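Here's a quick tour of the cores, the cysteines and one buried polar residue. Have the structure open while you read.

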Amino acid sequence: MKKILVILYIVLSGAFVFAQSFEGEIVYKNTYKSKVPKVTDKKFSDLMGSQQNYYIKDGDYKSETNGTLMFWQLYINADNKLYSKFANSVPILWNDGSVNTDAVISAELHYNAATILGYQCDELIFNCKSGVQKYFFTSRLPVDSKLYAKHQYGNWYAYLSKANALPLKIVIDNTQFTMESTATAIKPIKLDKKMFQLPVGAKTAKSPY
């Protein structure tokens with residue numbers, strides 16, 4: 001289950017630009033429907049967080065949540081590593097961005113499928129080994145997918161290579177839950193590069209998930 005949650009959190013991370021690479025914060029609201037008999041919807045929400053604050057600058061990104069299990073994730077482009085801070089883990093765990101534990105079997109594209117924050121969005125559906133992933137995006141908010149060409153983990157580059165845009169909504173449906181993550185605010189602001197660095201003296205270890 002923890003492995004699924006880690007991959008889910010990675011999928012919730014991305015990039016966003018206007019004429020050039022976007023720099024700023026995006027806020028998402030997350031909801032969960034559990035398929036595990038002994039795990040309630042609320043439990044998933046408590047663990048993973050009902051809100052995600054995502055920050056992006058120059059190909060790096062960081063996501064923070066109000067969850068009790070997953071605190072934050074940091075993607076450092078130069079390392080091509082995704083660092084994850086869990087409540088019950090002393091070292092910060094990292095995953096190799098070039099290694100993908102999932103696989104996209106087929107893809108579908110539907111035009112003008114939804115309106116989110118005033119943007120008319122297309123829908124990209126991935127039928128994956130892990131389940132179904134749906135991404136809603138608009139070409140008015142493009143992303144330079146080349147920045148993430150090495151980010152195979154979590155199907156992130158697979159998505160960006162087709163959409164070239166920030167997802168304003170993501171739906172993940174697997175054997176354990178259905179999750180919806182919808183953007184509620186987009187805030188273009190200048191960010192300090194230090195935000196995308198590991199804490200001084202942080203201990204790291206390769207993730208077993």
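"Buried" here means under 20% relative accessible area, exposed means over 50%, and partly exposed is in between (1.4 Å probe, protein chains only). The model is predicted, so local features need pLDDT of at least 70 and side-chain atom pairs count only at pLDDT 80 or more, while totals for chains, interfaces and linings use all residues. Residues are numbered from 1 along each chain as its sequence is written, and side-chain values use heavy atoms, with hydrogens and water left out.

Let's start with the cysteines. A disulfide is counted when two cysteine sulfur atoms sit within 2.5 Å, and by that rule there are 0. Why no bond for Cys121? Its closest cysteine sulfur, in Cys128, is 20 Å away, which is too far. Both cysteines are buried, as is Gln133:

| Residue | Relative accessible area |
|---|---|
| Cys121 | 0% |
| Cys128 | 8% |
| Gln133 | 3% |

Gln133 lies in strand S9 (residues 132-142); strands are DSSP runs of E, at least two residues, and helices are runs of H or I, at least four, numbered from the N terminus. The Gln133 side chain makes polar contacts (N or O atoms within 3.5 Å, one able to donate a hydrogen and the other to accept it; sequence neighbours count only if both atoms are side-chain atoms) with the side chains of Tyr135 at 2.7 Å and Asn155 at 3.5 Å.

Now the nonpolar cores: sets of buried Ala, Val, Leu, Ile, Met, Phe, Trp, Tyr and Cys joined through side-chain atoms within 4.5 Å. The largest has 43 residues, and Ile26, Tyr61, Tyr148, Tyr159 and Leu168 have the most contacts inside it. Strand S10 (residues 165-173) gives the most to this core, 6 residues. Apart from it lies another core of 9 residues, including Ile76 and Trp94.
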